[in-house]
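Biologist: I am new to this structure and would be grateful for a close look at one of its loops. Please then continue from that loop into the surroundings, so that I can place it within the whole.

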Amino acid sequence: MKTTLLGMFLSIGYLACAQSPIQSFYVQENSMFKVIESAAGIDQSPIGANANWNFADLVQVGSSIEVNQTPTSAQSGTYPGSNEVTKNTSTIGSVITVSYLFSKNTNNQVSITGLSNPYITLNFGTNNALVGTYPMNYGYTNSDTMAGTYVYGTYNGTFSGTINTSVDAYGTLNLNIDGAQSSHTVTRFKAVQNITLNYSIFPNVGNIVQTIYNYYEAGNPSPIFRSTTSVVNVPLQGIVDETTTTFEKFDGVLSNNSFDTNQRLAYPNPMHDLLYLSDYSDSSITKITLTDMRARIVLSLLKPSQTIDVSNLEKGLYLLEVQTDKGIQTQKVLKN
């Protein structure tokens, strides 16, 4: 699976009642996602009321976590007008990719002001890309122009383009990931960006078309499923019709609350070089296991001490399983 060039730009049964509004552009803090892929691809063409999507034969290949931050003074200087930063950390195997999406939120009207990842930087300082005003209901549409500067590999210059957003469908989303089936009542957000790159005195040296689908359940600001497809043409670098696609499935929220023996099995979370098991006064820990997001056991200890050395683990998301004489409990932990 190729790494998505732009990363994130912005990602039941029969629905007999009205669709649920999409409440926010921003995900729930510390949202975790499964990064998945499909060898056969998926059909996202159904639109309109009471649509039905069936995404089968999906396989998890990694994980990501997303947080919302306040821009630093340097970031605000680089991306003027920004008052929100969304940071996405994706782990696929041993490869960790960090992306930043900068935005301006004024009375729930959201515009994109910048994007930075290891592959490309886009600064919308000339003309921000208006996503729309929240909440959004089925039938909402918006079109806007955008312009600014870019850095792509050894090239830099200006860009211009359009962004078209819509809430184009609601209905039933059926998922099958690693054999686990689920069904969801969703409302779908769609965004299409068409970006033209200019280099020095040469106009239109490259083009990027990106299509994003976000599927939202009622009451959850984080999409239950999202996809990003980019089609890139940059002849100067020998790139012609290169298509990359990323799929992600919402997998819960990583808690950063203070340590609570009723909720937390170990701390700190995120962990660094050491992980501390909570002290169970009424039971004893007989075994702990750490499993990565590809279901590989990376650490297994019988009758462990309270302090666990995790310094040799790769950065990413893990599932901690703690077995005591009273049963087994699990907790997701992040390694920074």
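Modeller: The loop between strand 4 (95-106) and strand 5 (109-116) is where Asn107 is found. The model is a predicted one, and the backbone of this residue deserves attention: Asn107 has a phi near 55°, which is a positive value in a residue other than glycine. Asn107 also counts as exposed, because its relative accessible area is 73% and the cut-off for that word is over 50%.

A positive phi outside glycine also appears within a strand. Asp57 is not a glycine, yet its phi is positive, at about 55°. The place of Asp57 is in strand 2, whereas Asn107 belongs to a loop. Asp57 is exposed too, because its relative accessibility comes to 62%.

Strand 2, which covers residues 48-69, also contains Glu66. Glu66 is buried, because a relative accessible area of 3% falls under the 20% limit for buried residues. Its side chain has named partners. One is Asn88, whose side chain is joined to that of Glu66 by a polar contact of 2.7 Å. Another is Arg226, and here the polar contact between the side chains of Arg226 and Glu66 is 2.8 Å.

Arg226 leads on to strand 12, which covers residues 225-234. Strand 12 runs antiparallel to strand 13, and nine bridges join the two. Within this pairing, Val232 stands opposite Glu242 of strand 13. The connection between strand 12 and strand 13 is a hairpin with four residues between the strands. In its turn lies Gly238, with a positive phi of about 70°. Strand 13 (residues 239-253) is also joined to strand 1 (residues 31-37), through six bridges and again in the antiparallel sense. In that pairing, Phe33 has Phe250 of strand 13 opposite it. Strands of a sheet pair through backbone hydrogen bonds, and the pairing may be parallel or antiparallel.

Further along the chain there is an open sheet of three strands. Its order is 14-15-18, and the pairing is antiparallel. Strand 14 (266-267) and strand 18 (307-309) are the edge strands, each pairing on one side only. Two bridges connect strand 14 to strand 15 (residues 274-277), in the antiparallel sense. Ala266 has Leu277 in strand 15 as its bridge partner.

The loop between strand 14 and strand 15 offers a further point of backbone geometry. Pro268 is found in this loop, and the peptide bond that leads to Pro268 from Tyr267 is cis, with omega near -5°. Pro270 is found there as well. The peptide bond from Asn269 to Pro270 is likewise cis, with omega near 15°.

Another asparagine shows the opposite setting to that of Asn107. Asn198 lies in strand 10 (residues 180-199). Asn198 is buried, because its relative accessible area is 18%. In sequence, 43 residues separate Asn198 from Tyr155, while in space their C-alpha atoms are 9.7 Å apart.

These details can now be placed in the whole chain. The protein chain has 20 strands and one helix. Its radius of gyration is 21 Å, which agrees with the value near 20 Å for a compact globule of 336 residues. Along the principal axes, the C-alpha trace spans about 70 × 50 × 40 Å. Buried residues make up 49% of the 336 residues; Glu66 is one of them, as is Asn198. The chain exposes about 15100 Å², and 49% of that area is supplied by carbon and sulfur atoms. The charges comprise 17 positive and 23 negative ones, and the mean positions of the two groups are 2 Å apart.

Definitions and conventions: Residues are numbered from 1 along each chain as its sequence is written. This is a predicted model: local features need pLDDT of at least 70, side-chain atom pairs count only at pLDDT 80 or more; totals for chains, interfaces and linings use all residues. Side-chain values use heavy atoms; hydrogens and water are left out. The radius of gyration is taken over C-alpha atoms; the globule rule is 2.2 Å times the number of residues to the power 0.38. Buried means under 20% relative accessible area, exposed over 50%, partly exposed in between (1.4 Å probe, protein chains only). Accessible areas come from the Shrake-Rupley method with a 1.4 Å probe; for residues, only the protein chains shown count as cover. Lys and Arg count as positive and Asp and Glu as negative; His and the chain ends are not counted. The place of a charge is taken as NZ of Lys, CZ of Arg, CG of Asp or CD of Glu. A polar contact is a pair of N or O atoms within 3.5 Å; within protein, one must be able to donate a hydrogen and the other to accept it, and residues adjacent in sequence count only if both atoms are side-chain atoms. Two strands pair if DSSP finds at least two bridges between them.
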